[in-house]
Amino acid sequence: MTISCSLSLPQLHSSFLSSPLKSLSTTPLARNKFQPKPTFYPRIRALELDQNTVVAITVGVLSVAVGIGIPVFYESQIDNAAKRDNTQPCFPCNGSGAQKCRFCLGTGNVTVELGGAETEVSRCINCDGAGSLTCTTCQGSGIQPRYLDRREFKDDD
């Protein structure tokens, strides 16, 4: 009495394919009483989703990712900008901290034509005769403020 130990693979089945897969072995499966029973595992079946559902799920996942990613990106950029020194000169005043008065054009005096040939020269009330005003962008520092530093946030409560 000889026991043959030739093992062959059972016929493979797939729920994703319409026909079962063929066994890799060409010899028929010889069952004997010493061979263990095959173990059956639960099958994972594919979900039947239409294209609109797949698109909706994809858009939802991407929206959540973007909704989390953009604020994290901006926070990291703000932190990096705060670590760097700000040495860029102010654009409106060219780094001087003062701007020429737009009423008197930097002279400190305003000329008013009264009619006929009469003119009256008086001190400029905007710059108080100085001819220049403190730059409103940099508040006289001459350094261009960063974007969020330009805003004054007031608590009106």
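Author: Before we start, some vocabulary: buried means under 20% relative accessible area, exposed means over 50%, and partly exposed is in between (1.4 Å probe, protein chains only). This is a predicted model, so local features need pLDDT of at least 70 and side-chain atom pairs pLDDT 80 or more, while totals for chains, interfaces and linings use all residues. Residues are numbered from 1 along each chain as its sequence is written, and side-chain values use heavy atoms, without hydrogens or water.

Reader: Fine. What secondary structure does the protein chain have?

Author: The protein chain has one helix and four strands, with helices (H or I, at least four residues) and strands (E, at least two) taken as DSSP runs numbered from the N terminus. Along the sequence the pattern reads α-β-β-β-β.

Reader: And how much of the protein chain counts as buried?

Author: Of its 157 residues, 10% count as buried.

Reader: What about contacts between residues at least 6 apart in sequence: what share join residues at least 24 apart?

Author: That share is 53% in the protein chain, where a contact means heavy atoms within 4.5 Å.

Reader: Let's look at the helix. Which residues does the UniProt "transmembrane region" annotation cover?

Author: The UniProt record, an unreviewed entry, puts the "transmembrane region" at residues 54–74. UniProt positions follow the numbering used here, feature names are shortened, and annotations may be inferred rather than shown by experiment.

Reader: What does the model show over residues 54–74?

Author: The chain there is 100% helix and 0% strand, and the C-alpha atoms at the two ends are 30 Å apart.

Reader: Pick me a residue, say valine 66. Where is it?

Author: Valine 66 sits in helix H1, which spans residues 51–83. Valine 66 counts as partly exposed because its relative accessibility is 47%.

Reader: Now the strands. Which one holds leucine 133, and what does leucine 133 touch?

Author: Leucine 133 belongs to strand S4, residues 132–134. Beyond its neighbours within four places in sequence, leucine 133 is in contact with Gly97, Ala98, Gln99, Asn126 and Cys127. Take glutamine 99: the two are 34 residues apart in sequence, and their C-alpha atoms are 5.3 Å apart in space.

Reader: Why does leucine 133 count as partly exposed?

Author: Because its relative accessibility is 31%.

Reader: Further along, where does isoleucine 143 fall?

Author: Isoleucine 143 is in the segment after S4, and with a relative accessible area of 32% it is partly exposed. Leaving out its neighbours within four places in sequence, its contacts are Asn86, Thr87, Gln88, Cys90 and Cys138. Isoleucine 143 and cysteine 93 are separated by 50 residues in sequence and by 9.4 Å in space, C-alpha to C-alpha.

Reader: I keep hearing cysteines. How many disulfides does the structure hold?

Author: Zero disulfides, a disulfide being a pair of cysteine sulfur atoms within 2.5 Å.

Reader: OK, why is cysteine 93 not bonded to cysteine 90?

Author: Because the two sulfurs are 3.7 Å apart, too far for a bond, even though cysteine 90 has the closest cysteine sulfur to that of cysteine 93. Cysteine 93 counts as buried, at 5% relative accessibility.

Reader: And which cysteine sulfur is closest to that of cysteine 127?

Author: The one in cysteine 104, at 3.7 Å, again too far for a bond. Cysteine 127 counts as buried too, because its relative accessibility is 7%.

Reader: Switching to charges: how many salt bridges does the structure hold?

Author: One, where a salt bridge is a side-chain nitrogen of Lys or Arg within 4 Å of a carboxyl oxygen of Asp or Glu. The partners are aspartate 128 and arginine 123, with 2.6 Å from N to O.

Reader: Are those partners buried or exposed?

Author: Aspartate 128 is exposed, with a relative accessible area of 53%, and arginine 123 counts as exposed at 54%.

Reader: Last topic, backbone. What is phi at aspartate 128?

Author: Near 60 degrees, a positive value in a residue other than glycine. Most residues other than glycine have a negative phi. Aspartate 128 lies in the loop between strand S3 (118–123) and S4.

Reader: Where is leucine 105, and what is its phi?

Author: Leucine 105 is in the loop between strand S1 (98–100) and strand S2 (109–115). Its phi is positive, about 60 degrees, although leucine 105 is not a glycine. Leucine 105 is exposed, with a relative accessible area of 59%.
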